[in-house]
Amino acid sequence: MNHTEFVPQSNRTCSKLALGVVTVIFFLTNCSNDNQTIVPKTIDPSASQEITSAVPEPIAIASPLLKEVDTDLSGASFAKTDLASGRLGSTTDFVDFANEQGLSLIPDKAINQFATSPFYMHPVGNAWVHVEENSGGDYFPKFISKRGFYHLPYQNFTPCYPGDGTTGKPSGKNCVPILNPEKENRTLYTHDGKQWIKVYANDHNTSKRVFDLLSINVLNGPIQLVYKKENGGWFHLASLSNGKKNISAHTTGITEVLISSAQGTSGIQIDNLEIRMPSN
């Protein structure tokens, strides 16, 4: 099975992927600082399916936060369908950017491969795992990006464009409409090497659920992780190269993790965040 990778191409215009007047304006507004477009190509991720052990030792770091605060849940985003309540046994699932409910919460169901607020959410046990851009709050500026979106490229095909302002999928020699974009598997690709992605979990009663990040599939790296343990300590995994990485020895009992490029030169592509959600 192939994945779609996004790579910058400087010899095309930023509006190539954006179809329709409104989408073109949105895309140009957000791409103007890069003067690049994001062009999909197909890669074979077969080498990324085996769990690899080449994981660096994390180091303790100072908090990336200007101040530690509790999150107010009054404006938090939740799906309309309530999750199971009460205490559950630990549940493990892959945040694979393929959950229909999670994709349906994104404006336009990310049919044009853009994820904007509230970004992608994935139910695990009785909590919601949020995967969003780390765009504000009380973080030091070096851990913040303000792109306003990240990319959710289709995992199993490269989109086509029939010329009527819509995005389609290849079918033989034809380009057919994508009728249910929420049913199409995706991966996450950051817009550039400076973008930060934040992963955390919550429910209707708890703003920061404790969880375990057992593994992550790095399709285009290397990536770096900055994560917070339940006891308040912050740690840094400096560089994870391509492959499915078992990081369970380090990233258990955490309340959030920040993910970005380890090199800062180009976007990263990730998939299958293996999350274990203990009982609350």
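**Exercise 1. Work out the handedness of the disulfide between Cys-160 and Cys-175, and say what it ties together.**

Step 1: Look at the torsion. About the S-S bond of Cys-160 and Cys-175 it is about 100°, so this disulfide is right-handed. This is a predicted model, so a few ground rules apply: local features need pLDDT of at least 70, side-chain atom pairs count only at pLDDT 80 or more, and totals for chains, interfaces and linings use all residues. Residues are numbered from 1 along each chain as its sequence is written, and side-chain values use heavy atoms, with hydrogens and water left out.

Step 2: Check the bond itself. The S to S distance between Cys-160 and Cys-175 is 2.0 Å, and a disulfide is a pair of cysteine sulfur atoms within 2.5 Å. Searching the whole structure turns up one disulfide.

Step 3: Place the two ends. Cys-160 sits in the loop between strand S9 (150-151) and strand S10 (168-171), while Cys-175 belongs to strand S11 (residues 174-177), so the pair ties together parts 15 residues apart in sequence. Helices (H or I, at least four residues) and strands (E, at least two) are DSSP runs, numbered from the N terminus.

Step 4: Compare the cover. Cys-160 is buried, at a relative accessible area of 15%, and Cys-175 is partly exposed, at 27%. Buried means under 20% relative accessible area, exposed over 50%, and partly exposed in between (1.4 Å probe, protein chains only).

**Exercise 2. Lay out the open sheet of seven strands and find its edge strands.**

Step 1: Write down the order. It is S4-S16-S15-S18-S13-S8-S7, with antiparallel pairing. Two strands pair if DSSP finds at least two bridges between them.

Step 2: Look for strands that pair on one side only. Those are strand S4 (59-61) and strand S7 (120-124).

Step 3: Zoom in on one pair. Strand S15 (residues 223-229) and strand S16 (residues 234-240) run antiparallel and share five bridges. Ile-223 has Leu-240 as its bridge partner in S16.

**Exercise 3. Decide how well strand S13 is covered, and name its neighbours.**

Step 1: Count the buried residues. In strand S13 (residues 197-202), six of six are buried.

Step 2: Split them by face. In a regular strand the side chains alternate between the two faces of the sheet. For S13, one side holds Ile-197, Val-199 and Ala-201, the other holds Lys-198, Tyr-200 and Asn-202, and all of them are buried.

Step 3: Go to the neighbours. Strand S8 (residues 127-133) pairs with S13 in the antiparallel sense over six bridges, and Val-129 stands opposite Ala-201. S18 also pairs antiparallel with S13, over four bridges; there, Ile-197 has Ile-259 as its bridge partner.

**Exercise 4. Describe the surroundings of Ile-268.**

Step 1: Find Ile-268 in the loop between strand S18 (254-261) and strand S19 (269-277). Ile-268 is buried, with a relative accessible area of 1%.

Step 2: List what it touches, leaving aside neighbours within four places in sequence. Among the contacts of Ile-268 are Leu-188, Tyr-189, Pro-222, Ile-223 and Ile-259. Contact means heavy atoms within 4.5 Å.

Step 3: Note a partner from elsewhere in the chain. Gly-193 is 75 residues away along the chain, yet its C-alpha lies 6.9 Å from that of Ile-268.

**Exercise 5. Track down the cis peptide bonds at Pro-118 and Pro-222, and the positive phi values of Phe-97 and Ala-110.**

Step 1: Recall the usual picture. Most residues other than glycine have a negative phi, and most peptide bonds are trans.

Step 2: Check the prolines. Ser-117 to Pro-118 is cis, with omega near 15°, and Pro-118 lies in the loop between strand S6 (114-115) and S7. Gly-221 and Pro-222 are also joined by a cis bond, with omega about 5°; Pro-222 lies in the loop between strand S14 (212-220) and S15.

Step 3: Check phi. Phe-97 has a phi of about 60° and is buried, at 0% relative accessible area. Ala-110 has a phi near 55°, sits in the loop between H2 and S6, and counts as buried at 1%.
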